[in-house]
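Subject: Structure handover

Hello,

Here is the structure for your review. Please open it alongside this email; my findings follow below.

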Amino acid sequence: MIQRKRIVKTIGVAILFGIIHFFLFLNLPKDSLKLSTMVLGMSGGTMVPSLSRLLSFSLQLTPAFLFAAMLGTEFYQHFCIADVYVFSRQPRRTVWYAKETLQLFLLTFLYQCIFMAISLICILMWLPVEIDSPGVYLLAQHIGIYTLWLFGLVLLINTLSIILGSDYGYIIAFATQILQIAVLYWPDDKTFNPISPFLPTAHLISFWHTSSIESVSQVLSPKYKIFSFSISFLMLGGTVLIIFLISLYVVKRFDIISPKETGGAT
């Protein structure tokens with residue numbers, strides 16, 4: 001069972017970050033808004049691979065990065081304590097780890113649901129929102145894709161922290177995300193970087209997807225049709241699985257408390 005205080009903390013942070021995201025990163029029209037437009041706006045908008053738009057997108061991900069840092073810190077500190085008090089009595093580290101990562105996934109999913117709900121509520125306080133069917137579809141896809149990405153990021157932070165120490169773990173994990181966004185840049189605005197489909201962060205941009213549903217396809221990019229939503233789920237799911245399997249090996253083979261640690265648990 002997930003501790004109640006972790007659930008309450010996750011909900012509180014999601015509410016706070018949802019409000020901050022609304023005021024700092026959402027550009028609202030003056031009259032009304034469709035749900036589909038809102039969801040696209042929260043995942044990069046009508047993105048083109050220019051430096052200015054990619055910079056705006058990286059800034060828009062700031063709340064997610066902060067949540068990953070918070071959850072990653074909590075997860076790593078829990079591991080440091082477990083190394084002393086749990087693993088000395090629990091030889092089946094993989095079972096314990098699997099249960100902890102499942103809780104982590106559920107907390108990440110909860111965060112995304114609350115975050116999107118708060119953003120919608122804030123918008124409704126300013127102007128009417130039309131709940132269109134493409135918007136409902138895009139909302140579900142957005143929550144699923146961002147949950148997988150954020151969950152994988154926290155796992156990556158924890159795994160790198162165990163191997164290299166928490167300072168390097170955070171730096172490397174976040175640097176890889178920013179580097180991926182930077183690589184999305186392409187000087188020709190009529191096409192995109194050919195390696196974009198292989199970058200997990202590219203799949204966070206809903207506008208670049210394709211859909212077999214005609215009503216959904218009409219609100220997506222007519223020019224940058226890079227991947228389908230199913231491909232994105234396979235890409236991010238596969239990435240998470242790889243990180244999880246590596247982290248399983250690390251948890252079984254590495255001592256979590258080590259001389260290299262400079263700032264994990266205190």
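Helix 9 has 25 residues, and at 1.5 Å a residue these should span 36 Å. The C-alpha atoms at its two ends are 36 Å apart, so expectation and model agree. Note that this is a predicted model. Several residues of helix 9 are buried, among them Phe229, Ser232, Leu236, Val240, Ile243 and Phe244. Further along helix 9, the buried set also includes Ser247, Leu248, Val250 and Val251. An α-helix has 3.6 residues a turn, so residues three or four places apart point the same way.

Helix 6 passes the same kind of check. Its 32 residues should span 46 Å at 1.5 Å a residue. The end C-alpha atoms of helix 6 are 46 Å apart, which agrees. Helix 6 is mostly covered, with 24 of its 32 residues buried. Just after helix 6 comes Gly165, with a positive phi of about 105°.

Overall picture

The chain has nine helices and four strands. Their order from the N terminus is α-β-α-α-α-α-β-α-α-β-α-β-α. Of the 266 residues in the chain, 50% are buried. The accessible surface is about 13,000 Å². Carbon and sulfur atoms hold 68% of that surface. Now take the contacts between residues at least 6 apart in sequence: 77% of them join residues at least 24 apart.

Aromatic pairs

The count of aromatic pairs is eleven. One of them is Tyr137 with Phe229, an edge-to-face pair. The ring centres are 5.8 Å apart, with 80° between the planes. Tyr137 sits in helix 6 (residues 133-164) and Phe229 in helix 9 (residues 229-253), so the pair ties together parts 92 residues apart in sequence. How buried or exposed are the two partners? Tyr137 is partly exposed, at a relative accessible area of 25%. Phe229 is buried, at 3%. The cut-off for buried is under 20% relative accessible area, so Phe229 falls below it and Tyr137 does not.

Ring pairs also build a cluster: Phe65, Tyr146, Trp149 and Phe174 are linked in this way.

Around helix 6

Tyr137 has another partner to look at. Val216, in helix 8 (residues 214-217), has its C-alpha atom 7.7 Å from that of Tyr137. The two residues are 79 apart along the chain. Val216 is buried, at 1% relative accessibility. Beyond residues up to four places away in sequence, Val216 touches Pro134, Tyr137, Leu138 and Ser211.

Thr147 also belongs to helix 6. What does Thr147 contact, leaving aside its neighbours within four places in sequence? The partners are Phe105, Thr108, Phe109 and Gln112. Thr147 counts as buried, at 2% relative accessibility.

Helix 7 and the loop after it

Ile178 is in helix 7. Ile178 is partly exposed, with a relative accessible area of 41%. With neighbours within four places in sequence left aside, Ile178 is in contact with Ser58 and Phe65. Ser58 is 120 residues away along the chain, yet the C-alpha atoms of Ile178 and Ser58 are separated by 7.1 Å. Phe65 also appears in the ring cluster above.

Asn193 lies in the loop between helix 7 (166-183) and strand 3 (209-210). Is Asn193 buried or exposed? At 10% relative accessibility, Asn193 counts as buried. A polar atom of the Asn193 side chain lies 2.8 Å from the backbone oxygen of Val183. Val183 is also among the residues that Asn193 touches, not counting those up to four places away in sequence. The others are Leu184, Tyr185 and Trp186.

Cysteines

How many disulfides does the structure hold? The number is zero. Two cysteines can be compared for cover. Cys113 is partly exposed, at 26% relative accessibility. Cys122 is buried, with a relative accessible area of 9%. The 20% cut-off for buried separates these two, so they fall into separate classes.

Best wishes

How values were computed. Residues numbered from 1 in each chain as written. Predicted model: local features only at pLDDT ≥ 70, side-chain atom pairs only at ≥ 80, totals over all residues. Heavy atoms only, no water. Buried < 20%, exposed > 50% of the residue type's maximum accessible area, 1.4 Å probe, protein only. Polar contact = N/O pair within 3.5 Å; in protein donor to acceptor, adjacent residues only side chain to side chain. Contact = heavy atoms within 4.5 Å. Phe/Tyr/Trp six-rings, centres within 6.5 Å; stacked < 30°, edge-to-face > 60°. Expected span 1.5 Å × (residues − 1). Disulfide = S-S within 2.5 Å. Areas by Shrake-Rupley, 256 points an atom, 1.4 Å probe, with all protein chains shown as cover.
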